[in-house]
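Biologist: Could you take a close look at one part of this predicted model for me, namely a place where two helices pack against each other? I would like to follow the description step by step, as a first-year student would.

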Amino acid sequence: MGTVLGRFRLMAIVSGIMSILLWFVYMPVKYLMHNPDLHNATIWIPMVHGYLYPIYVLFAIQFAVHHRWQISKVIGLILAGTLPIASIAAERHIVKKYRD
């Protein structure tokens, strides 16, 4: 994972998994279940996502600069990390297009 594509792929997948956990585990536990024990058990999810998302953004920018993308594509790639599955879908699309 020493290449620009490899680093982006790793963070896109990790960010996608953390986004899925945030949206479909943490948020329902916090806002629908109102169970303090479950909330305390899942409190790590937004914290980890909060630390990993900026790393995803940096690697997405690095990848985009390396391939001389337009700013609109860079913004789309960064926003893909905010939606569940979107960063994973973007990663799959990019790997198909840029894999050596």
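Modeller: Let us begin with helix H4, residues 71-80, and helix H5, residues 86-98, whose axes come within 8 Å and cross at roughly 135 degrees. Two packed helices are described by the angle between their axes and the distance between the axes, and angles over 145 degrees would count as roughly antiparallel, while 65 to 115 would count as roughly perpendicular. H4 and H5 are therefore oblique to each other.

Turning to the residues that make this contact, Lys73, Leu77 and Ala80 are the ones on the H4 side, and they meet Ala86, Ser87, Ala90, Ile94, Lys97 and Tyr98 in H5. Sorted by character, the residues of this contact divide into six nonpolar, one polar and two charged.

Helix H5 also takes part in a link to another helix, for the side chains of Glu91 and Arg9 meet in a salt bridge, with 2.7 Å from N to O. Since Glu91 lies in helix H5 and Arg9 in helix H1, the pair ties together parts that are 82 residues apart in sequence. Side chains of opposite charge can pair when their charged atoms come close. A search of the whole structure finds two salt bridges.

Helix H1, which spans residues 4-33, also contributes four residues, the largest share, to a nonpolar patch. This patch on the surface is formed by Met27, Tyr31, Leu32, Met33 and Leu38, with about 510 Å² of accessible area together.

To set these parts in their frame, the predicted protein has five helices and zero strands, and its C-alpha atoms fill a box of roughly 50 × 25 × 20 Å, taken along the principal axes.

Methods: Residues numbered from 1 in each chain as written. Predicted model: local features only at pLDDT ≥ 70, side-chain atom pairs only at ≥ 80, totals over all residues. Heavy atoms only, no water. Axes fitted to C-alpha atoms, helices over the stretch in contact; angles between N-to-C directions. Helix = DSSP H or I, 4+ residues; strand = E, 2+ residues; numbered from the N terminus. Parallel < 35°, antiparallel > 145°, perpendicular 65-115°, else oblique. Contact = heavy atoms within 4.5 Å. Nonpolar A, V, L, I, M, F, W, Y, C, P; charged D, E, K, R; others polar. Patch = residues over 30% accessible without salt bridge, like charges linked within 9 Å, V, L, I, M, F, W, Y side chains within 5 Å. Areas by Shrake-Rupley, 256 points an atom, 1.4 Å probe, with all protein chains shown as cover. Salt bridge = Lys/Arg side-chain N within 4 Å of Asp/Glu carboxyl O.
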